[in-house]
Amino acid sequence: MSELPKLSTRSLAPPALGARPSRGETEQAVRTLLLWAGDDPTREGLRETPARVARAFEDWFAGYAMDPEEYLSRTFEEVEGYDDMVVLRDIRFESHCEHHLAPIIGRVHVGYLPTNRVVGISKLARVVEAYAKRLQVQEKMNAQIARCIQKVLEPKGVAVVIQAEHQCMTTRGVHKPGVSMVTSTMLGDFRKNPLTRREFLSVIGNPASSAGD
Ligand SMILES: [Zn+2]
């Protein structure tokens with residue numbers, strides 16, 4: 001039995017949960033989608049498309065191989081007692097909705113109130129990237145980013161606001177171009193203290209900052 005080639009055992013059984021298909025299987029699946037679209041996968045212009053799509057998936061979904069908590073593990077403690085708000089705004093991201101595989105493109109604004117340690121600002125952008133480059137729902141991604149920062153940095157509070165356009169909404173279905181969805185997660189002081197929350201919203205230039213006064 002040991003000489004049984006690996007490939008044939010795999011092709012007999014469905015892949016185990018979490019197992020990845022081979023590149024060949026992935027390219028075959030893209031050919032099926034091209035046929036489903038109504039085109040001919042063997043024509044010149046489409047011949048390399050399955051391989052390109054497989055490579056594009058490696059980019060778009062690179063987040064599964066990233067560990068966002070790891071990015072925040074290196075912190076700086078010499079901040080001369082700085083304990084005011086740290087805000088990183090307009091972090092552009094590209095993601096894909098888990099319902100249609102359609103792009104979600106937008107910006108994330110992150111704020112936190114450090115206790116005695118801060119993190120390099122590029123690391124916050126890396127956390128956003130790690131969650132964005134997965135199949136997502138905006139609300140879930142919002143909560144994941146906030147909880148990750150809360151868990152690793154243990155600040156007095158975390159605020160995350162995401163504004164994004166969902167191409168499954170703008171290019172199909174209800175066809176509403178220009179509509180963006182805004183979600184927010186407020187933890188700790190940002191949730192408890194309306195002044196802190198308002199300060200954050202005004203720093204990120206959110207027109208919703210005066211709402212609810
Ligand atoms: Zn969608």
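Student: Among contacts between residues at least 6 apart in sequence, what percentage join residues at least 24 apart in this chain?

Tutor: In this predicted model, 69% of those contacts join residues at least 24 apart. The chain has 213 residues, and buried ones make up 25% of them. Nine helices and seven strands are found along the chain.

Student: How do I read the sheet, and in which order do its strands lie?

Tutor: Trace the strands by their partners, one after another. Here five strands form an open sheet with mixed pairing, and the order is β5-β2-β3-β6-β7.

Student: Which strands stand at the edges?

Tutor: Those are β5 (135-136) and β7 (181-188). Each has a single partner strand, so one side of each is left without a neighbour in the sheet.

Student: How many bridges hold the pairs β2 and β3, β3 and β6, and β6 and β7?

Tutor: Let's take them in turn. β2 and β3 pair in the antiparallel sense over nine bridges, and V86 has Y112 in β3 as its bridge partner. Between β3 and β6 there are ten bridges, again antiparallel; there you can find I105 opposite E165 in β6. β6 and β7 also run antiparallel, joined by eight bridges, with G157 standing opposite G188 in β7.

Student: Is β6 mostly covered or mostly open?

Tutor: A general idea helps when you look at any strand: in a regular strand the side chains alternate between the two faces of the sheet. As for β6, eight of its ten residues are buried, and the strand is mostly covered.

Student: Which residues have the most contacts inside the largest nonpolar core?

Tutor: That core has 33 residues, and those with the most contacts inside it are V108, V127, V128, I145, I149 and V160. The elements giving two or more residues to this core are β2 (86-97), β3 (103-113), α5 (121-132), α6 (138-153), β6 (157-166) and α9 (194-203). For a close look, try V128: leaving aside its neighbours within four places in sequence, V128 is in contact with I91, F93, V108 and I145.

Student: How do I read a helix such as α9, and which of its residues are buried?

Tutor: Start with the geometry. An α-helix has 3.6 residues a turn, so residues three or four places apart point the same way. In α9, the buried residues are T196, R197, F200 and L201. They cover an arc of only 130 degrees around the axis, which puts them on the same side of α9.

Student: What covers that buried side, and what does the face turned away from it carry?

Tutor: The cover over the buried residues of α9 includes β2, β3, β6, β7 and α8 (189-192). The face turned away carries the exposed residues P194, L195 and S202. Just after the helix, have a look at G205: α9 is followed by this residue, whose phi is positive, near 70 degrees.

Student: Which residues other than glycine have a positive phi, and where are they found?

Tutor: Two to look at are D90 and L101. D90 has a phi near 60 degrees and is found in strand β2. L101 has a positive phi of about 65 degrees and is found in the loop between β2 and β3.

Student: Why does D90 count as exposed, and L101 as partly exposed?

Tutor: Count the C-beta atoms around each one: a residue is exposed if 12 or fewer others lie within 10 Å, and buried if there are 20 or more. D90 has 10 other C-beta atoms within 10 Å, so D90 is exposed. L101 has 13 such neighbours inside 10 Å and therefore counts as partly exposed.

Definitions and conventions. Residues are numbered from 1 along each chain as its sequence is written. This is a predicted model: local features need pLDDT of at least 70, side-chain atom pairs count only at pLDDT 80 or more; totals for chains, interfaces and linings use all residues. A nonpolar core is a set of buried Ala, Val, Leu, Ile, Met, Phe, Trp, Tyr and Cys residues joined through C-beta atoms within 7 Å. Helices (H or I, at least four residues) and strands (E, at least two) are DSSP runs, numbered from the N terminus. Two residues are in contact if their C-beta atoms, placed from the backbone, lie within 7 Å. Two strands pair if DSSP finds at least two bridges between them. The arc is that of the directions from the helix axis to the C-beta atoms.
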